[in-house]
Structure formats: structure tokens, C-alpha cells
Amino acid sequence: MCIRDRYCAANDALGDMPHDILAVPQRYHADNFSNPLIVLVWWTMLICMGVFACHYIRRRYFELFYYTHHAFLVIYIGALWHATSLWYFLISGLGLWFVDRLIRFSRGCSLVGELKLTTTGYTNLKLTWIEIGTLDGLLPVFEQGQYCFINIPQISLLEWHPFTIASAPSEGILRFYIRAMGEQTWTGGLHKLAENSLEAPLVNVDGPYGLAVEYW
């Protein structure tokens with residue numbers, strides 16, 4: 001069989017893009033019936049975890065960047081369908097991810113005390129200051145350059161956003177300076193909430209994370 005005939009035979013077996021890629025053929029051999037499916041999953045991964053990770057989307061549409069990265073769960077399902085013995089290699093990574101989520105969930109349930117919210121607004125700059133005195137009744141322990149994830153259920157129950165700690169470790173408090181990036185954004189909602197609320201809202205903190213910044 002010449003090279004052209006082999007190419008045509010392979011093309012007939014796997015189907016043409018993008019029409020046949022959306023269907024999982026039933027006549028394939030057990031070793032390659034899921035090839036079109038895994039190609040579709042690969043394109044999904046490329047778009048969700050590649051395009052949406054660019055700097056502009058991360059800065060302007062953090063929620064889109066964050067939630068589309070959860071497409072990796074679909075990728076795992078497609079990969080297991082494509083190679084059923086793959087779970088030998090995935091189980092350790094998925095197990096570590098699951099343990100990490102449990103630890104982060106428990107740390108995010110810390111009781112925040114001595115909370116203060118302050119706002120300042122100019123023509124092109126609106127800032128919200130968050131100060132936290134204690135976590136679970138203890139002074140927060142952190143190093144310069146670290147960051148925390150912050151969640152405010154009154155704005156969004158599921159959204160956690162990372163912010164660098166602006167206070168010095170010697171101060172014994174957590175302080176964050178958060179710029180409002182627009183009325184329809186999470187940071188814009190925080191600024192509006194801080195301006196209009198008579199009482200401090202519920203704030204959840206997960207952290208600190210990251211390596212300390214050292215100056216020589």
C-alpha cells in the first residue's frame with residue numbers, strides 16, 4: 001500500500017475535523033475508539049487552560065480564568081476513557097489535590113477577629129483597606145511578601161481572590177490594600193460594600209501562602 005493510500009485509510013478511520021470529532025464512533029478497535037474524544041478534550045484544555053490564562057483575562061476577568069481551569073476534571077475523565085489503565089498514574093496527583101482542597105477548606109474556616117474596612121476614593125482610584133487583628137483568636141503569623149486568599153460571602157459565596165499582605169510582620173495584623181477594578185467586578189463590589197455597610201461583613205481568609213521576600 002502506498003503512502004497516499006495509508007493516509008486515506010487512516011483518515012477514513014479517524015474521521016475528518018471538525019465534523020466527526022464530535023461523535024465517538026462505535027466501530028473502532030478497543031485501542032483507538034476514543035481517539036476523536038481525546039482530541040476534543042485536548043482542544044478544550046488548550047482553550048480553557050491556555051487562552052484564558054493570558055495576562056489580560058487574569059487581570060480583568062479573574063473568575064473566568066479561575067473556573068475554566070477546573071476543566072482539568074473533564075480532561076481526567078476523557079483521559080481515563082482513552083486509556084483505562086491511566087488511573088495508576090493519576091491517583092497520586094488527584095489524591096494530593098484532594099488533600100490540598102481539604103486543608104485549604106479547613107484553613108478558610110478560621111474565625112476572623114478585629115476586622116476593619118476602610119475606603120478611600122479618588123477620580124480614577126478607589127481603594128479598600130482590610131485590617132484583620134486575629135485568626136482563631138491568635139495573632140496572624142506571616143512573612144513579608146506572602147499573600148492570602150480572601151472570600152466575602154456577601155459578595156460571592158464561592159469566589160476566593162489572592163491579595164498580597166501589605167502590613168509588616170512586626171505589626172501583628174493582616175492588612176490588604178485592594179483597588180476596585182470596576183463596578184461589575186468582585187473588587188468593585190467590595191468597595192461598594194465597605195462604603196454602605198454599617199457593620200463589618202463576614203470575611204474568610206485562607207493563608208498565608210508563598211515564599212518570603214528577602215532583601216540583601
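**Exercise 1. How many cavities of 30 Å³ or more does a search of the whole structure find, and which residues line the largest cavity?**

*Solution.* The structure is a predicted model, and the search of the whole structure finds one cavity of 30 Å³ or more. As a next step, take the volume: the space in the largest cavity comes to about 40 Å³. Then read off the lining, which consists of Phe-62, Glu-63, Tyr-66, Tyr-67, Leu-158, Glu-159, Trp-160 and His-161. Finally, assign these residues to elements: H4 gives four residues, the largest share of the lining of the largest cavity.

**Exercise 2. Describe the largest pocket by its volume, its central residues and the elements that line it.**

*Solution.* Begin with the volume, which for the largest pocket is about 580 Å³. The lining of the largest pocket holds 17 residues, and those closest to its centre are Arg-58, Arg-59, Phe-62, Met-181 and Thr-187. Now turn to the elements that give two or more residues to this lining: they are the helices H3 (55-60), H4 (62-68) and H7 (186-196), together with the strands E4 (161-164) and E5 (174-179). One residue links this exercise to the previous one, since Phe-62 is among the residues closest to the centre of the largest pocket and is also listed in the lining of the largest cavity.

**Exercise 3. Work out how Tyr-147, Phe-149 and Tyr-209 are arranged, and decide for each one whether it is buried or partly exposed.**

*Solution.* Count the aromatic pairs in the structure, which come to five. One of them joins Tyr-147 and Phe-149, whose ring centres lie 5.8 Å apart with 75 degrees between the planes, and this pair is edge-to-face because the angle is over 60 degrees. Next comes the pair of Tyr-147 and Tyr-209, with centres 6.2 Å apart and planes at 40 degrees, so that this pair counts as tilted. The tilted pair links distant parts of the chain, with Tyr-147 in strand E3 (residues 147-151) and Tyr-209 in strand E6 (residues 204-209), 62 residues apart. Taken together, Tyr-147, Phe-149 and Tyr-209 form one aromatic cluster.

For the second part, compare each relative accessible area with the cut-off of 20%, under which a residue is buried. Phe-149, at 14%, is therefore buried, and Tyr-209, at 18%, is buried as well. Tyr-147, in contrast, has a relative accessible area of 29% and is partly exposed.

As a last step, look for charged side chains over the rings of the cluster. Arg-104 lies over the face of Phe-149, 4.3 Å from the ring centre, while Arg-107 lies over the face of Tyr-209, 4.9 Å from the ring centre.

**Exercise 4. Locate Ile-75 in the chain and identify the residues that it touches.**

*Solution.* Ile-75 is found in helix H5, which covers residues 72-82. Its relative accessibility is 15%, and because this is under 20%, Ile-75 counts as buried. When residues up to four places away in sequence are left out, Ile-75 touches Val-41, Met-45 and Met-49. For Met-45, which is 30 residues away from Ile-75 along the chain, the separation of the two C-alpha atoms is 7.1 Å.

**Exercise 5. Summarise the chain as a whole.**

*Solution.* First, count the elements: the chain has seven helices and six strands. Their order from the N terminus is α-α-α-α-α-α-β-β-β-β-β-α-β. Second, consider burial, for 31% of the 216 residues in the chain are buried. Third, consider the surface: the chain exposes about 14800 Å², of which carbon and sulfur atoms supply 63%.

How values were computed:
Residues numbered from 1 in each chain as written. Predicted model: local features only at pLDDT ≥ 70, side-chain atom pairs only at ≥ 80, totals over all residues. Heavy atoms only, no water. Buried < 20%, exposed > 50% of the residue type's maximum accessible area, 1.4 Å probe, protein only. Areas by Shrake-Rupley, 256 points an atom, 1.4 Å probe, with all protein chains shown as cover. Phe/Tyr/Trp six-rings, centres within 6.5 Å; stacked < 30°, edge-to-face > 60°. Lys NZ or Arg CZ within 6 Å of the ring centre and 35° of its normal. 1 Å grid on protein atoms, 1.4 Å probe; cavity = no way out; pocket = protein on both sides within 12 Å on 5 of 7 lines; lining within 4 Å. Points joined across faces, edges and corners; volume = space filled by probe spheres on them. Contact = heavy atoms within 4.5 Å.
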